[in-house]
Amino acid sequence: MRGERAGQGRPLPWRPRLPARAAYALHALLRANVLYRRLAEAVERHPRAERWFTAGEQVVKEQLFGCQMCGQCALPSTGYACPMSCPKQLRNGPCGGVSGTGQCEVYPDRTCVWVIAFERAEESGHGRDLDLMQRPVDHRQLGHSSWLNYWQGRDDSLWADVDGQADRPALTPPPRAASR
Amino acid sequence: MTGVAMTGGPMTGGPPPAGHLGAVLRAGQFAVTAEIGPPRDADASCIARKAALLRGWVDAANVTDNQGAKVRMSSLAGSLLVQRAGVEPVMQLTCRDRNRMALQSDLLAAGALGIPNVLLLTGDHPRFGDHPDAKPVFDLDGVQLTWVARTLRDDGMLMSGQSLPTRPRWLIGTVENPFAPPTAFRARRLAKKVAAGAEFVQTQYVFDVGLFARWLTAVRELGVAQRCSVIAGVGPIRSLRVLEFIRTGVPGIHVPDDVERRLRGVRSDKVAAEGIELCVETIQQVAEIAGVSGVHIMAFGFEHGVPEIVERAGVGPTARAGRSLALSAGNGAVDPACSLEDRSNAG
């Protein structure tokens with residue numbers, strides 16, 4: 001088959017180019033706070049600024065993580081391996097078709113992104129993150145900046161924590177997380 | 001054998017599922033399920049013939065959903081035909097071909113038609129099916145689909161938040177592959193599906209009983225086996241060609257070396273019998289493992305062989321009833337036009 005190229009709408013299992021520890025450190029720098037919130041609000045007031053900001057985010061995250069610009073970033077909960085780069089875009093863990101050597105069912109020359117996510121999360125002490133219940137993707141956010149969404153608290157309900165014996169968490173996020 | 005009845009927890013929330021399979025599992029009896037692949041045409045009689053071969057020998061039969069990413073009659077219609085033929089269906093539903101709207105409407109339809117069980121899975125990617133040019137949907141994943149189904153049934157609510165005046169009542173099943181990497185995560189992945197609402201799980205083919213038992217230990221330690229009945233997937237390897245195919249051609253199936261040696265170690269005309277013997281032994285071995293609630297026999301194109309396997313293993317409704325139906329020699333083969341050779345991972 002011809003050379004595979006990742007891109008929006010064409011997910012390819014992606015081995016991140018940033019070590020997990022560096023990614024967690026970067027996240028600490030970008031953690032939501034009131035300054036980032038104001039910045040995000042200011043950027044969104046100006047369509048051209050938002051376009052540039054989003055394009056910048058896309059370039060960085062495509063190179064590092066094979067980002068598909070879903071606009072609702074799961075990276076902090078997946079060992080910074082992008083689940084949207086899975087050909088089935090599974091957000092709750094690997095499918096049953098992973099080969100015995102950990103290769104993707106669809107692209108056998110590539111390692112399953114969930115195998116990568118599991119290794120990275122476990123090695124960096126974030127293994128329990130993979131037990132989070134990831135809610136369905138809101139496809140209206142495709143192409144939007146997930147950083148702007150995150151800084152303004154729109155990402156608060158992307159996943160739900162679940163205790164092994166607890167009741168099923170609510171599938172529909174609380175109203176606060178309604179998309180714009 | 002220790003069938004774990006599903007008590008407490010998720011079973012107490014909604015209306016009790018109405019089917020026979022659910023009753024068998026709740027009673028802690030050892031369940032037997034098999035599989036019926038719908039035909040690649042509009043022939044309803046084919047399904048009825050396959051169902052007739054299984055009637056009385058299994059507690060329920062899965063009706064597959066475009067198995068192996070190849071177009072067939074829909075699992076909803078297939079389930080209805082299986083039900084009419086006197087076998088309880090388990091309607092499979094994958095995320096490959098439908099977005100969240102279509103998935104919900106098919107789940108509601110299954111409820112309206114009285115389909116007693118649904119089995120929710122991610123599904124194979126279309127790339128290796130008969131329409132590799134198709135758009136893969138995967139709007140939801142297997143965990144989310146299970147979550148949606150449980151919310152429909154127990155909360156009477158669509159994903160949109162709208163309420164359902166009449167709720168579906170099916171039992172909710174899912175799948176897991178204990179043998180695929182990252183194996184250390186596989187019990188936890190099932191735990192997510194159970195947290196989302198799964199009440200029973202059918203596994204990928206078990207050829208490595210030791211590995212399966214270790215996975216089940218992890219499942220039990222997570223407290224999951226107490227809330228979800230575990231049904232082990234088994235099936236006969238009836239030729240070296242099939243052995244080679246499932247080792248190399250089907251994602252996610254693990255065949256250990258000793259199984260391969262055993263099948264290659266017999267005369268070529270004895271491979272089929274050896275494969276069936278191996279399947280019978282596997283059923284008997286997994287039945288001895290604490291926490292196993294049943295077996296799921298995947299024998300595509302060999303539906304006529306399921307009664308023999310079930311009888312020799314001493315499981316299923318017939319064995320439970322203490323009857324010994326003489327295997328009728330006239331069971332014969334399914335006509336080739338409706339036999340299925342596609343095997344595939346459950347996703």
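Which residue in β2(B) is the bridge partner of A34(B)? In this predicted model, the partner of A34(B) across the bridge is A61(B), a residue of β2(B). The strand β2 of chain B covers residues 60–63, and its pairing with β1(B) is parallel and extends over four bridges. Between these two strands the chain passes through helix α2 of chain B, residues 44–54, and the β-α-β crossover that results in going from β1(B) to β2(B) is right-handed.

A second partner of β1(B) is strand β8 of chain B, residues 292–297, and here too the pairing is in the parallel sense over four bridges. Within this pair, V32(B) is found opposite V295(B) of β8(B). The surroundings of β1(B) can be described in similar detail: of the six residues of this strand, residues 31–36 of chain B, six are buried, so the strand is largely enclosed by the rest of the structure. The covering applies to both faces of β1(B), since A31(B), T33(B) and E35(B) are buried on one side, while V32(B), A34(B) and I36(B) are buried on the other.

Another buried position in chain B is L76(B), which belongs to helix α3, residues 75–84. L76(B) counts as buried because 22 other C-beta atoms lie within 10 Å, where the cut-off for a buried residue is 20 or more. When residues up to four places away in sequence are left out, L76(B) touches M91(B), D106(B), A109(B) and A110(B). The C-alpha atoms of L76(B) and V90(B) are 9.6 Å apart in space, and the two residues are 14 residues apart in sequence.

Chain A contains five helices and two strands, and, read from the N terminus, its elements follow the order α-α-α-α-β-α-β. Of the 180 residues in chain A, 42% are buried. Among the contacts in chain A with a separation of 6 or more, 67% join residues that are 24 or more positions apart.

The contact between the two chains involves 39 residues from chain B and 29 residues from chain A. On the side of chain B that touches chain A, the elements giving two or more residues are α5 (142–154) and α6 (183–196) of chain B, and α6(B) gives the most, with seven residues. Sorted by class, this side of chain B is made up of 18 nonpolar, 13 polar and eight charged residues.

Terms used
Residues numbered from 1 in each chain as written. Chains lettered and ligands numbered in written order. Predicted model: local features only at pLDDT ≥ 70, side-chain atom pairs only at ≥ 80, totals over all residues. Contact = placed C-beta atoms within 7 Å. Nonpolar A, V, L, I, M, F, W, Y, C, P; charged D, E, K, R; others polar. Buried ≥ 20, exposed ≤ 12 C-beta atoms within 10 Å, placed from the backbone. Pairing = 2+ DSSP bridges. Right-handed = clockwise from strand over helix to strand, strands pointing away.
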